[in-house]
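Visitor: Hi! I'm new to reading protein structures. Could you walk me through this one?

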Amino acid sequence: MAFLRLAALKALHGTSHTLLLRRGPASAVRAFSATMSPPSRAVVHELFGPPDAVTKVTELPPVEIKENDVCVKMLAAPINPSDINRIQGKYPVKPQLPAVGGYEGVGEVHSLGSAVRGLSPGDLVIPSPPSSGTWQTYVVKEESAWHKIDRGTPVEYAATITVNPLTALRMLGDFVDLKPGDAIVQNGATSMVGQCIVQLARIRGIHSINVIRDSALSDEVKEKLKRLGADKVYTETQLDLKKVKEFLANIPEPALGFNCIGGHSATTVLAFLGQGGTMVTYGGMSKLPVTVSTSSFIFKDLSLRGFWLQKWLGSNKAEECRVMLDHLLGLVREGKLTYEMERVPFDDFQTALDKSLGKLGGGQRKQVIIF
C-alpha cells in the first residue's frame with residue numbers, strides 16, 4: 001500500500017496517472033481485479049518549505065486494499081505545530097517526499113481486506129501510534145495501525161487525543177512522583193497541552209500555577225483557565241522574579257514545571273520551582289534558548305529535562321499508549337477533559353492553515369479539519 005500510494009504521489013510530480021496503469025498485462029489484470037480504495041482528496045507537499053506555499057489539495061488515485069489492510073474514511077484531523085514543522089522540513093523526522101500532511105486524526109472503517117477480523121465497517125478508529133498522512137479523505141493501512149474507540153466520542157476530540165493530551169498525561173507522570181496536594185507550574189497554559197495539564201492535575205488533586213502572555217484578553221483567559229481548574233494564573237509582567245514565591249500564597253513550591261516557550265518565560269517557570277525541582281521542556285515557541293543561573297543548579301539542585309512524544313511512542317509503547325488513550329477519551333465523554341478547538345470544513349483548508357500559521361491574528365484555536 002505504501003509503495004502504491006508513494007507511486008501515486010510521484011505521479012503528481014511529472015508523471016501522468018495513466019502511466020501508472022501501463023505496467024503490462026499481468027499488472028493490469030491484478031489492478032483491475034483487486035479490492036481498491038476510493039480515490040482520495042489529500043493535502044500534498046512535494047517540497048519542504050512554507051506550508052502555505054508548498055502544500056496543495058489534490059486528488060490521489062485508488063490504492064489496493066490487501067488482505068490485512070483497512071480502508072478508513074477520515075472524519076477529522078487537526079493541524080498541529082509539529083505538522084507545520086514537518087512540512088517546513090524542520091522536524092527531526094522528515095517524511096519522504098512527496099508526502100501527505102497530518103499526523104493524527106479519526107475515521108470510520110470503510111472497507112476491509114479479506115484477513116481482517118478485529119474491525120468492521122462503521123467502526124470508529126484512530127491511528128495508534130499516530131502516523132503521517134492523515135490529511136486525506138481515505139487512508140489505507142494495515143489493521144494493526146488502527147485502534148477502535150467508542151462511537152460516543154466527539155470526532156474533534158478523537159482526532160486530537162494523541163499528540164497533545166497524551167503529552168500532558170505522560171509529562172505529569174514520567175518525571176516526578178506527584179502526590180495529591182503537590183503543585184506544578186507551567187507557561188503556555190492556554191495551549192492544548194497546557195489546558196490538559198490543568199485538568200489532569202486537578203483530577204489528581206495537584207495544584208497548578210499557570211503563566212500566560214500579556215494581551216488585551218488576559219482577564220478573560222485567566223477566568224477560562226480557572227474554570228478548567230487552574231489554582232493560579234499570572235501574566236508574565238505581573239511576576240517579579242525576585243519575589244515570585246509570594247505569588248504562591250498557600251500553595252506549596254512546585255516540584256515540577258513545564259516549558260513550551262523558552263527565553264524569559266522559561267526563567268519564570270524555573271523561579272517558581274522548589275528545592276530539587278524539575279523543569280520539562282517540550283516546545284520552544286519563542287525560539288529563544290533556556291538559560292539557567294549557576295546558583296539555581298548549585299543551591300537549588302534544579303534538573304532540566306526534555307520530552308518528545310514521538311520518541312516515547314517509538315519505545316514499544318503501542319499497547320500502553322492505547323490504554324492511556326482510552327482513559328483520556330473516557331474523561332472526554334465524562335466531561336472532565338475539554339479544550340478549545342475550531343472545526344473547519346476540508347474545503348476551507350487554506351483558511352485553517354493560515355490561522356494555524358498565525359497569519360489571521362493571534363490567539364487562534366486549534367484548527368480541526370472536518371472531511
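Guide: Happy to help; we can go through the domains, a sheet, some salt bridges and a few loops. One thing to keep in mind is that this is a predicted model.

Visitor: Good to know. What domains does the assignment give?

Guide: The domain assignment gives domain 1, made of residues 2-160 plus 340-370, and domain 2, covering 165-310. Notice that domain 1 is written as two stretches of sequence.

Visitor: How many residues of each domain are in contact with the other?

Guide: On the domain 1 side there are 11 residues, and they are in contact with 7 residues of domain 2.

Visitor: And what area is buried between domain 1 and domain 2?

Guide: About 720 Å² is buried between domain 1 and domain 2, with carbon and sulfur atoms giving 49% of that area. People often describe the size of an interface this way, as the accessible area lost when the parts come together.

Visitor: Cool. How many salt bridges are counted between domain 1 and domain 2?

Guide: The count there is 1 salt bridge. Lys224 and Glu340 meet through their side chains in a salt bridge, at 3.2 Å from N to O. By class, the side of domain 1 that touches domain 2 has 5 nonpolar, 3 polar and 3 charged residues.

Visitor: What about polar contacts across that interface, how many residue pairs are there?

Guide: The rule finds 4 residue pairs in polar contact across the interface of domain 1 and domain 2.

Visitor: Let's switch to sheets. In what order do the strands of the open sheet run?

Guide: The order is β2-β1-β4, so to speak, an open sheet of 3 strands with antiparallel pairing. Its edge strands are β2 (55-60) and β4 (99-100), each pairing on one side only.

Visitor: How many bridges link β1 and β4?

Guide: Strand β1, residues 40-45, pairs with β4 over 2 bridges in the antiparallel sense. If you want a spot to look at, Val44 stands opposite Val100 in β4.

Visitor: Back to salt bridges: what is the count for the model?

Guide: The count comes to 16 salt bridges. One of the pairs to look up is Asp83 with Arg86, whose side chains meet at 3.9 Å, N to O.

Visitor: Where do Asp83 and Arg86 lie?

Guide: Both are in helix α5 (residues 81-88), and they sit 3 residues apart, about one turn of the helix.

Visitor: Now the loops. Which peptide bond before Pro98 is cis?

Guide: The bond from Leu97 to Pro98 is cis, with omega near -5°. Pro98 is in the loop between α5 and β4. The bond from Ser128 to Pro129 is cis as well, with omega near -5°, and Pro129 is in the loop between β6 (124-127) and β7 (138-142).

Visitor: What is phi for Lys287?

Guide: Phi of Lys287 is near 60°, a positive value in a residue other than glycine. You'll find Lys287 in the loop between β13 (278-281) and α11 (294-300).

Visitor: Last one: where is Glu334?

Guide: Glu334 is in the loop between α13 (318-333) and β15 (341-345). The Glu334 side chain makes a polar contact with the side chain of Lys336, at 3.3 Å. From Glu334 to Ala42 the separation is 292 residues in sequence and 33 Å in space, C-alpha to C-alpha.

How values were computed: Residues numbered from 1 in each chain as written. Predicted model: local features only at pLDDT ≥ 70, side-chain atom pairs only at ≥ 80, totals over all residues. Heavy atoms only, no water. Domains from an automatic or database assignment. Contact = heavy atoms within 4.5 Å. Buried area = accessible area lost by both parts, 1.4 Å probe. Salt bridge = Lys/Arg side-chain N within 4 Å of Asp/Glu carboxyl O. Polar contact = N/O pair within 3.5 Å; in protein donor to acceptor, adjacent residues only side chain to side chain. Nonpolar A, V, L, I, M, F, W, Y, C, P; charged D, E, K, R; others polar. Pairing = 2+ DSSP bridges. Helix = DSSP H or I, 4+ residues; strand = E, 2+ residues; numbered from the N terminus.
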